[in-house]
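Open the model in your viewer and keep the selection box at hand. We will go from stop to stop, selecting as we go.

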Amino acid sequence: MIERYTLPEMGRVWSDAHKYELWCQVETLVVEAHADAGTIPAEVVEPIRKAPPPTPERVHEIEAVTQHDVIAFLSAWADNTEPRDAAAYVHFGMTSSDLLDTALAVQLVEATDILLEKADRLVAVLRDHALEHKATLRVGRTHGIHGEPDVWGHRVADFAFAMARSRDRLRRAREAVGVMAISGAVGTYSNIDPAVESFVAERLGLKAADVSTQVVIRDGISEWVSALGIMATVCEAIALEVRHGQRTEVRELWEPFGKGQKGSSAMPHKKNPIMSERLAGMARIVRAQIVPVLEGIPLWHERDISHSSTERIALPDASIALDYMLNLTIRLMSGLVVDEARMRANLDSTGGLIHTSTVLLELVDAGMSRDDQAYPLVQKAAMETWETGVPFRETLRVRAAEAGLTLDEARLDEVCRPERFVERLGPVFERLAALT
């Protein structure tokens, strides 16, 4: 991921320097386990433990010759070991995937913890915003067309619960990727005791794979990147709502607009929803990693490294992008401007058409046939309002008189109150208040 969208903490997780630190940690733990078992001389442990990780530059220099990153790392690290012959026992009985998959599991867990912390914060921001606006009337739309009265807090509550589910899904995926293996070539433990694997897993807080054929099968990592894709898309759903709300014709919502900020290089009046549009674009990047990672599950007879090049791009990019998205969505919702007056004006803008559903039910309750009488009457009155701008209650009154029906105006006043449509949302906001 380019630097523009990389936050420091997540960037550190995926840096080459940190990767080599983890590789040193894994290899050192293996050495310690071997020494405890008497497989290798105990005196080599301390020199290996004290050897500083090699620099990325040195590893890359050697890899240019060896064309093998693990061998390049081992050679560069050996150069840092005093005495150097102690390094002969590094990687003892291991294969490259033992090191790569185990260190990758640590990175994935670290990245997940960063994402979960931000997801927790975003859930809280969404929850609090929704509760603040549980009585803020606005029109509820379907297909972009005015439907019935609603409250803004109801819409945001949906996002809050969706983000909470996404967070919980990622928590489960954390377990799926916290899996390592140190089982040797083709995964049969031919040159390494399974006790070494158990020792390393315990020290790193990981789970040893139930079985490994050298490469840990990628269903767990696929689950993880899919969870990231869903969470990113929930962020996009929030952004899309803001983008719609900030359209000039709607003007119900505004992204935070800082002092000195410019909206357009050509049109000084512009305040564009750039944060939301950026979220929409970045969600595509996260989702785009799902299929390539899934395709790392089947490997050629029985193992290859076709998944490796994919994951070097896909896993950092997906987590770095989502980390940025969560941070940006928190900023967006924390500073979101809600124009309550404009929401009410839009609610009233169709001359009462938002009340057609409840009027229909009232006519049915008064004894009219729904399909043959009530629906055609209400629809004709509504279409006339659409076409002429005459308020719905007036067109309804005329159509009812033509049908020989006298309306109960007082009853219609009651059922056409916008507040009446949202009276039963109380339990929703009670559940929301309990959301953590």
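**Stop one: helix 2 against helix 6**

Helix 2 crosses helix 6 with a right-handed sense. Keep in mind that this is a predicted model. The two axes lie 9 Å apart, and the packing angle is about 120 degrees. That angle makes helix 2 oblique to helix 6.

Now show side chains. On helix 2, select H18, K19, L22, W23, V26 and E27; they meet L99, L100, T102, A103, V106, Q107 and E110 of helix 6. Colour this contact by residue type and you get 7 nonpolar, 3 polar and 3 charged residues.

**Stop two: helix 2 against helix 8**

Stay on helix 2, residues 16–37, and add helix 8, residues 194–204. How do the axes of helix 2 and helix 8 cross? They come within 9 Å and cross at roughly 130 degrees. Helix 2 and helix 8 are therefore oblique to each other. The handedness of this crossing is right-handed.

For the contact, select Q25, V26, L29, V30, E32, A33, H34 and D36 on helix 2. Then add V196, F199, V200, R203 and L204 on helix 8. By type, these residues split into 8 nonpolar, 2 polar and 3 charged. V26 belongs to this contact and also to the contact with helix 6.

Hold on R203. R203 forms a salt bridge with E202, with the closest N and O atoms 3.6 Å apart. Turn on the surface here. E202 is exposed, at 61% relative accessible area. R203 is partly exposed, at 46%.

**Stop three: a buried salt bridge**

How many salt bridges does a search of the whole structure find? The count is 37. Select K118 and D323 for one of them: their closest N and O atoms are 2.9 Å apart. K118 sits in helix 6, residues 96–132, and D323 in helix 12, residues 306–334. The pair links distant parts of the chain, 205 residues apart.

Is K118 buried or exposed? K118 is buried, because its relative accessible area is 8% and the cut-off for buried is under 20%. D323 is buried too, at 1%.

**Stop four: a salt-bridge network**

Next, select R141 and E252. They form a salt bridge, with the closest N and O atoms 3.0 Å apart. This pair also joins distant parts of the chain, 111 residues apart. R141 lies in strand 1, residues 137–142. E252 lies in the loop between helix 9 (219–245) and strand 5 (253–254).

Compare the two ends on the surface. R141 is partly exposed, with a relative accessible area of 29%. E252 is buried, at 1%.

Now widen the selection. Add R138, R155, D158 and E241: together with R141 and E252, these residues are linked in a network of salt bridges.

**Last stop: helix 14**

Finish at helix 14, residues 356–365. Which residues of helix 14 are buried? Pick T358, V359, L360, E362 and L363. To see what covers these buried residues, show the neighbours, including helix 15 (370–388), helix 16 (392–402) and helix 17 (409–415).

Then step just past the end of helix 14 to G367. G367 takes a positive phi of about 115 degrees.

How values were computed: Residues are numbered from 1 along each chain as its sequence is written. This is a predicted model: local features need pLDDT of at least 70, side-chain atom pairs count only at pLDDT 80 or more; totals for chains, interfaces and linings use all residues. Side-chain values use heavy atoms; hydrogens and water are left out. Axes are lines fitted to C-alpha atoms, for helices over the stretch in contact, and angles run from 0 to 180 degrees between N-to-C directions. Helices (H or I, at least four residues) and strands (E, at least two) are DSSP runs, numbered from the N terminus. Angles under 35 degrees count as roughly parallel, over 145 as roughly antiparallel, 65 to 115 as roughly perpendicular and the rest as oblique. A crossing is left-handed if the near helix is turned anticlockwise from the far one by less than a right angle, and right-handed if clockwise. Contact means heavy atoms within 4.5 Å. Ala, Val, Leu, Ile, Met, Phe, Trp, Tyr, Cys and Pro count as nonpolar, Asp, Glu, Lys and Arg as charged, and the others, Gly among them, as polar. A salt bridge is a side-chain nitrogen of Lys or Arg within 4 Å of a carboxyl oxygen of Asp or Glu. Buried means under 20% relative accessible area, exposed over 50%, partly exposed in between (1.4 Å probe, protein chains only).
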